[in-house]
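Trainee: I am new to this structure and would like a close look at a single part of it. Could you take me slowly through the salt bridges and what surrounds them?

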Amino acid sequence: MAKVSSDQLGVEPIGKLLIKQAVPASIGILVMSLNVLVDSIFVGNWIGSIAIAAINVVLPVSFFIAALGMAIGIGGSSIISRALGSGNKEKALKTFGNQITLTFTITTAMVALGLYFVNDLIPAFGGKGAIFDPAKIYYTIILYGVPFLALCMMGNTVIRAEGKPKFAMVAMIIPSVGNLFLDYLFIYVFDWGMHGAAWATTAGYLLCFGYILYFFLSKNSELKIGLPHFGLNMPILKEIGALGFVTLARQAVTSITYLLMNNILFNLGGEAMVAVYAIIGRMLMFAFFPIFGVTQGFLPIAGFNYGAVKYDRVKESIYTAIKYAAFVASLVFVVLMVFPDFFTALFLSNRPDLPPEELATNAFVMEHAPMAMRLVFAATPIIALQLIGAAYFQAIGKAIPALLLTLTRQGFFFIPLILILPNFMGELGVWLSFPIADVLATVVTGIYLGKEIRTKLSN
């Protein structure tokens, strides 16, 4: 790969620059999303639909710990982008060193707590009945690799902050491809069941960590840190914490959402209903990959140009990112409205030797999931505005607006809706909560972002 300087973030045409940043990010997220999707298909076909539900129960806990790394990464990367934009490279180096120290220390402690309270956490997140045993197997193994995943997520955002999206893309592809290969080997060939699924995922984290370590030690990175940079600096930590808390709060709310959804749906329809949500969750991760890719590509552009006081370029990047993301979101909407049965069937085994309870679960999922999928994705074309708007405030270092807008959809609207609507509408109320929350959050974000553009970026 040709060496790219972060200075290009401030001079190249915005449209070309966003494509250059967003396409590798989208490809990386696509491969990761395909990994989650195909991993679930493998598990559903080779182990069973209850196993998919078990993994869905584990994800909130492991993802929350890993999200600590992403939170520290995004918070620090906002500082790094603005520091590089203003020519303050020493601050960028010190920030990166603090990110590494903070990520490793916090996630290791969280993993120890997660393992200690394993028997309490799994039932709390909906791992009840037949789901508990496979969920405990998967959870215990996965947690050993989570600190490496956290360091990968942190490092990946820093690579983007340097303006090197292709390397960040490769870092996302490596663990995904490795995981899928090992899934086949451990689950299908060796017949290790849930143990195989968990070890394949954990090995993927280690592969990713190895590549990111190589990148920062090679000549491709501008951030060559030494031992003094690892010493914690309180002003930098406060700024990382303020900005990173936005991402952490979002993941915390996501974990709470999983907890509530798994328990509400278990009460409505048992393990089979949790399996429906597990499939919907995988499709949410997969279907939104190009939108998240545009958002990831947008962050370093907005942050660098804001640091360089090039407000016209910041404003142009906002409009361009929303336009690109809205286009791909509309394509996602059309595909999922037309083919929900096809995507549901991918997750379900058609083996003739399935036990009766597994056949009953599959029939239930096939009956309920397509309708649920259409409702969940009903407002997809408009979510670009909400995602880009929240990302903008994070990119420029405005923690409070970023936090409030990030929490708007799930925290302020979705969680109250799923606590209220199912009491009157049952299962339908659960799925209707998704588009209603999307619409309300987009309206709020649009109002707030429009005010920011008129008052700050038009001067």
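Mentor: Lys398 has a relative accessibility of 27%, and because buried means under 20% and exposed means over 50%, Lys398 counts as partly exposed. Please keep in mind throughout that this is a predicted model. The side chain of Lys398 forms a salt bridge with Glu452, and the closest N and O atoms of the two are 3.1 Å apart. Lys398 lies in the loop between helix 13 (383-395) and helix 14 (399-425), whereas Glu452 belongs to helix 15 (residues 427-457), so this pair ties together parts that are 54 residues apart in sequence. Glu452, with a relative accessibility of 8%, counts as buried, so the bridge joins a partly exposed lysine to a buried glutamate.

A further pair also involves helix 15: the side chains of Asp438 and Arg409 meet in a salt bridge, at 2.4 Å from N to O. Here Asp438 sits in helix 15 and Arg409 in helix 14, and the pair links distant parts of the chain, 29 residues apart. Both Asp438 and Arg409 are buried. Elsewhere, salt bridges that share partners join Arg82, Lys91 and Glu239 into one network.

The structure holds six salt bridges, and one of them brings together the side chains of Lys164 and Glu162, with 3.3 Å from N to O. Lys164 counts as buried because its relative accessibility is 3%, and Glu162 counts as buried as well, at 0%. As a general point, side chains of opposite charge can pair when their charged atoms come close.

Arg82, already named as a member of the network, also leads us to a contact between helices, for Ser81, Arg82, Leu84 and Gly85 in helix 2 meet Pro300, Gly303, Phe304 and Gly307 in helix 9. By class, this contact of helix 2 with helix 9 has three nonpolar, four polar and one charged residues. The axes of helix 2 (residues 49-85) and helix 9 (residues 289-307) come within 7 Å and cross at roughly 45°, and the two helices are therefore oblique to each other. The crossing of helix 2 and helix 9 is right-handed.

Key. Residues are numbered from 1 along each chain as its sequence is written. This is a predicted model: local features need pLDDT of at least 70, side-chain atom pairs count only at pLDDT 80 or more; totals for chains, interfaces and linings use all residues. Side-chain values use heavy atoms; hydrogens and water are left out. Axes are lines fitted to C-alpha atoms, for helices over the stretch in contact, and angles run from 0 to 180 degrees between N-to-C directions. Helices (H or I, at least four residues) and strands (E, at least two) are DSSP runs, numbered from the N terminus. Angles under 35 degrees count as roughly parallel, over 145 as roughly antiparallel, 65 to 115 as roughly perpendicular and the rest as oblique. A crossing is left-handed if the near helix is turned anticlockwise from the far one by less than a right angle, and right-handed if clockwise. Contact means heavy atoms within 4.5 Å. Ala, Val, Leu, Ile, Met, Phe, Trp, Tyr, Cys and Pro count as nonpolar, Asp, Glu, Lys and Arg as charged, and the others, Gly among them, as polar. A salt bridge is a side-chain nitrogen of Lys or Arg within 4 Å of a carboxyl oxygen of Asp or Glu. Buried means under 20% relative accessible area, exposed over 50%, partly exposed in between (1.4 Å probe, protein chains only).
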